[in-house]
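Colleague: Could you take a close look at one part of this model for me, the place where two of the chains meet? I'd like the contacts walked through in order, and then whatever you can say about how the partners themselves are put together.

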Amino acid sequence: MTESVRLNRGSSDVAVIGGGLVGLCIALGIQRQGQQVTVYDEGDIALRASRGNFGLVWVQGKGDNLPAYTRITRLSAKLWGGLAEDLTQHTGIDIQLQQRGGLFVCLSESELNSRQQMLEKMAAEHPQGYPFDVLDLQQLRELIPEIGPEVAGATWGPEDGHVNPLYLLRALVARFESLGGKLVNAGQVSNIIPKKSQFVLQSEQGEFSCNKVVLTAGLGNKSLGPMVGIDAPVFPNRGQVLIAERVKPFLNYPTGHVRQTVEGTVQCGDSKEDVGFDTGTTTDVLAQIAHRATTMFPLLKDVNLIRSWGALRIMTPDGNPVYQQSEQYPGAYLVTCHSGVTLAAAHAGPIADWIATGIADPAIDLEKFHGSRFQL
Amino acid sequence: MAADFSFNRLPCHERAEVEITVEGQKIFALEGETVAAAVMHAGLRPTRTTPVSGSGRAPYCMMGVCFDCLMNIDGKPNTQACMTEVREGMVITVQTGAREVSGGDV
Amino acid sequence: MTGLQQFDLVIIGAGPAGMAAAREAGEAGLNTLILDEQPRAGGQIYRNIGRPILQDRSILGQDYYAGETLLAGLSHVLVTHVANATVWDVTTDNTLSFSVKGISRQVGFKKLLLATGAQERPVPFPGWTLPGVMTCGAAQILLKSSGLTPTGPLVIAGSGPLLLLIACQLIRAGVRIEAIVDTTPTSNYRRALKEIFGAIKGWRYLLKGARMLNEIRRSGVRYYKSATELTAESGSDGNLVSVSFRKGSVHHQLPCKTLLVHQGVIPNTQLGRALELEHQWDEVQQCWKPTLSENGCSSHPDIFIAGDSGGIGGAIVAEIQGRIVAKEIAYQLNQEGAAVIGIDQLRKTLDDQLAIRPFLDHLYRPLDMFLRPQGEIIVCRCEEVTAAEIRGLTQHGCVGPNQTKAFCRSGMGPCQGRQCGATVTALLADELGKSPEEVGYYHIRFPIKPVSLGELAGLSQSDA
Ligand SMILES: Cc1cc2nc3c(=O)[nH]c(=O)nc-3n(C[C@H](O)[C@H](O)[C@H](O)COP(=O)(O)OP(=O)(O)OC[C@H]3O[C@@H](n4cnc5c(N)ncnc54)[C@H](O)[C@@H]3O)c2cc1C
Ligand SMILES: Cc1cc2nc3c(=O)[nH]c(=O)nc-3n(C[C@H](O)[C@H](O)[C@H](O)COP(=O)(O)OP(=O)(O)OC[C@H]3O[C@@H](n4cnc5c(N)ncnc54)[C@H](O)[C@@H]3O)c2cc1C
Ligand code: FES
């Protein structure tokens, strides 16, 4: 149910600002708790990581500087199956989740060695176990016969997987609406005014009120945060992605740089560039991505590219998520991360529950994700 | 290939003929014409099936904007037949669904 | 990028606009590169003109062979013409990438002219994807470059001057046409009459139209006016076997092995879109076109557009615009007053040539069923997405084509939205009660033509 509300006020228990993957997961989780949620989102053209990402549900290497991040990532990967089932069952949309393990393919021995060292260090920080494997070219070839001869090897993460991120977005909208949630494409929320026991949101299309407000506006959180007393030091980091035509299945596992979708298209990525708010593509970076992909899989050389795009990641100074309630205005929350696909199940589950009920799952170490860590 | 689908050739200026193989059958085409023209002259229909539903398609626009003329040309799958000129000895087959990935001689 | 070969002007497209511009640019002393993906220059109207194939010159008529003189522009010493050159990328640092037979090259330019012409308007109707259905333009291309005529029974359906032209060309070639199914709505005649003043100014075009109608009448081909509910039907082998339509209250069904369809032409804006140039919706022509200055400059100061890719005007208009734009570019690069001489005269001729357009545009505005299809009609040919599915997505938060693209893959296939873009915008506008301008268009991304991963990888510096 979409509403284009014009100048008349609407009100709800909880307002979620930003209808990307993070916002919709949070909204779905809270709506499921029986509270009336409205998601406010922009129109057709906006900065949206959720429409430009790589679709990995990725565990290996996540949280090498923060064990709590490793834990929530693994928790989310574990909860993902349930989320996918719920979405498919209630919306009929197959979001194509596969969690059969994933590979990070390295082109040189030194790349492979440093990755191995990083994973070993992480394993040491997780005494309950941190599964991974290091494969040389020979072992890798047994898994993927098509691997190129110039590849050094790969690291294997049994908990890794991938999903169709666009169908995920569509299914989240459908599921959220089926539970009675409301999605309002009212353009940018330009102002949030904290009142006594309420917040008033202002946008081009009118004013809306709510008891709680959750900021999930991605890069938009930077300007929204201070309106409710939260500093959100998010900044953009561009990734360019290539997509090639549908081919018969040849790649059973997602890799950090190349994955084959269920439709058969081949996605190759992605760069990490500090270029401000520019979502464009550049020929030299795309050529490098293609070069890496065809070195990994030489049989891709004659496969045609169909599209490329640039999208902005939402980064924090240490790369880890921020989950935080405003101290100044307690009904206001901020949620942001740079792996919103992977963390979708955690957001729709324990994080949404925490916002809805005030009770945090002890498995999550919520205080580790407070933005105050940046003010040291 | 069915003769009753074949496009007819009007009286043309002298052009060299090239022999090509379409779906295993040897046919003659005119030097300088496109693969799409040659297979329509030969009466081939459909020239591909889609990777989505498997339905049949044939060249639609002849100017490179619809991508319904994708065929396997000399081992290279998903090639636009309306943008490719015939060459002596060319081997052309129908593109069936999604392309092979290891078949192409890179 | 450094070390690339540099040109004063790169022209994309060697149709009348591009060829005329090349000549003018060469004469003005500009080092000019003209690229076209076709094996021979000519563009759509003059396709294959350097090497006409048909023995009987009367079939294509004088308007076709008139193109021969334009080829001279390509032989100027300062002009380099590269055939089979598909441009797939242009970056804002004035670098262009093109592919010739599987190998990509890059060049730099000071000014760029897009003269990429038009494409036929996509005409979604039930059965338009069946083998055996093709566009009128496609049949004409087969005639011009291979001397081929369609297999019968042949029916031609749709609306527009090009439809009449192709019908006449096929009749002259001795092809039997079972029927012409004209879908021009009756109400269009009334609307067009309001533009009769311009039409009289463009009397030469009116006369041409009258002659074509007369030629068709004399040929005895069955002609159904104001037809609606066009449908193509398939047999058990999945190929086209019949076409049906309604005229008045009578339902007709004709056996048919080839159905040629046409609903006018629209600018090819793919490159300009990928470059994020400003575009606007033209309500009368029912299409997008780039926003241009009087001298053909786009919203980017180094990028110019001439010919049908800037808005439909036809071959003569394209040629004049090509010359005007080249003069303007030469003036900007040379800063010599002399270069703009003659521009006023050209503009006057241009106005005269354009006088007929409002009449034609009103007369040949497509029937609503083609612009805003309903139900299970396929809109996106590549991903096989239906009108109903796209309309339905407006119920799930989609307010624009980029959201529907993300949700249902329309526009994600190899044609990159060329066949569904205009329709998707129209459907969303219809459902949301907004104008196409408000709804917007797909965000088009490079490469605008397919290029293989290996070819792209070949451009990477790490390879060198
Ligand atoms: C190239 C690339 C590859 C990636 N690959 C992966 C991957 O493989 N796996 C993974 O887990 N993650 C990946 N990510 C990250 C993932 O995409 C993001 O973490 C996730 O999409 C973030 O979702 P979000 O909802 O926070 O932000 P967004 O998707 O950016 O959504 C923010 C939303 O807020 C709206 N908004 C902003 N301001 C306002 C306002 N003032 N009022 C109303 N609405 C507003 C916007 O319109 C937008 O819809 C990748 C990202 C990129 C760029
Ligand atoms: C199929 C078709 C048939 C037509 N037939 C006639 C006719 O018979 N009579 C008539 O009066 N009008 C005809 N028209 C209308 C036609 O648009 C104009 O008459 C005239 O050709 C426009 O001239 P132009 O120079 O603007 O573009 P065009 O003549 O269309 O030339 C554009 C050129 O750009 C090239 N090009 C496009 N994109 C790229 C790229 N990315 N890289 C490299 N090259 C590229 C194309 O190969 C083409 O040669 C036809 C239109 C179409 C679409
Ligand atoms: S027939 Fe349309 S692209 Fe070849």
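Modeller: Here's a walk through the interface of chain B and chain C, followed by the domains behind it. Keep in mind that this is a predicted model.

Start with the head count: 40 residues of chain B are in contact with 51 residues of chain C. Together the two chains bury about 4000 Å², and carbon and sulfur atoms give 55% of that area. On the chain B side, three residues stand out, namely Leu10(B), Tyr60(B) and Met63(B). They supply 20% of the area that chain B buries against chain C, more than any other three residues.

Now the polar side of things. The rule finds three salt bridges across the interface of chain B and chain C. Lys257(C) makes a salt bridge with Asp4(B), with 3.6 Å between the closest N and O atoms. There are also 18 residue pairs in polar contact across the interface of chain B and chain C, counting pairs with both residues at pLDDT 80 or more.

Which secondary-structure elements of chain B each supply at least two residues to the side that touches chain C? Those are strand S1 (8-9), helix H1 (35-41) and strand S5 (56-57). H1(B) gives the largest share, three residues. Sorted by class, the side of chain B that touches chain C has 20 nonpolar, eleven polar and nine charged residues.

S1(B) deserves a second look, since backbone pairing comes in here. S1(B) pairs with strand S9 (residues 148-149) of chain C in the antiparallel sense, over two bridges. In that pairing, Arg9(B) stands opposite Leu148(C) in S9(C).

Next, chain C itself. Chain C is divided into domain 1 (5-119 + 266-340), domain 2 (122-263) and domain 3 (372-439). The C-alpha centres of domain 1 and domain 2 of chain C are 29 Å apart, and the contact takes 15 residues from domain 1 and twelve residues from domain 2. These two domains of chain C bury about 1100 Å² between them, 58% of it on carbon and sulfur atoms. In domain 1 of chain C, Arg47(C), Ile59(C) and Leu60(C) lose the most area to domain 2, together 42% of what that side buries.

How many salt bridges does the rule find across the interface of domain 1 and domain 2 of chain C? One. Lys208(C) and Asp63(C) meet through their side chains in a salt bridge, at 3.0 Å from N to O. The count of residue pairs in polar contact between domain 1 and domain 2 of chain C is seven, with both residues at pLDDT 80 or more. The side of domain 1 of chain C that touches domain 2 has eight nonpolar, five polar and two charged residues.

For a second domain interface, turn to chain A, which is divided into domain 1 (3-53 + 166-234 + 318-375), domain 2 (102-158) and domain 3 (235-315). Domain 1 and domain 3 of chain A have C-alpha centres 29 Å apart, and 13 residues of domain 1 are in contact with 13 residues of domain 3. About 1000 Å² is buried between domain 1 and domain 3 of chain A, 69% of it on carbon and sulfur atoms. The rule finds zero salt bridges across the interface of domain 1 and domain 3 of chain A. The side of domain 1 of chain A that touches domain 3 has seven nonpolar, six polar and no charged residues.

Conventions: Residues are numbered from 1 along each chain as its sequence is written. Chains are lettered from A and ligands numbered from 1 in the order in which they are written. This is a predicted model: local features need pLDDT of at least 70, side-chain atom pairs count only at pLDDT 80 or more; totals for chains, interfaces and linings use all residues. Side-chain values use heavy atoms; hydrogens and water are left out. Contact means heavy atoms within 4.5 Å. Buried area is the accessible area (1.4 Å probe) that two parts lose on being put together, summed over both. A salt bridge is a side-chain nitrogen of Lys or Arg within 4 Å of a carboxyl oxygen of Asp or Glu. A polar contact is a pair of N or O atoms within 3.5 Å; within protein, one must be able to donate a hydrogen and the other to accept it, and residues adjacent in sequence count only if both atoms are side-chain atoms. Helices (H or I, at least four residues) and strands (E, at least two) are DSSP runs, numbered from the N terminus. Ala, Val, Leu, Ile, Met, Phe, Trp, Tyr, Cys and Pro count as nonpolar, Asp, Glu, Lys and Arg as charged, and the others, Gly among them, as polar. Two strands pair if DSSP finds at least two bridges between them. Domain bounds come from an automatic or database domain assignment.
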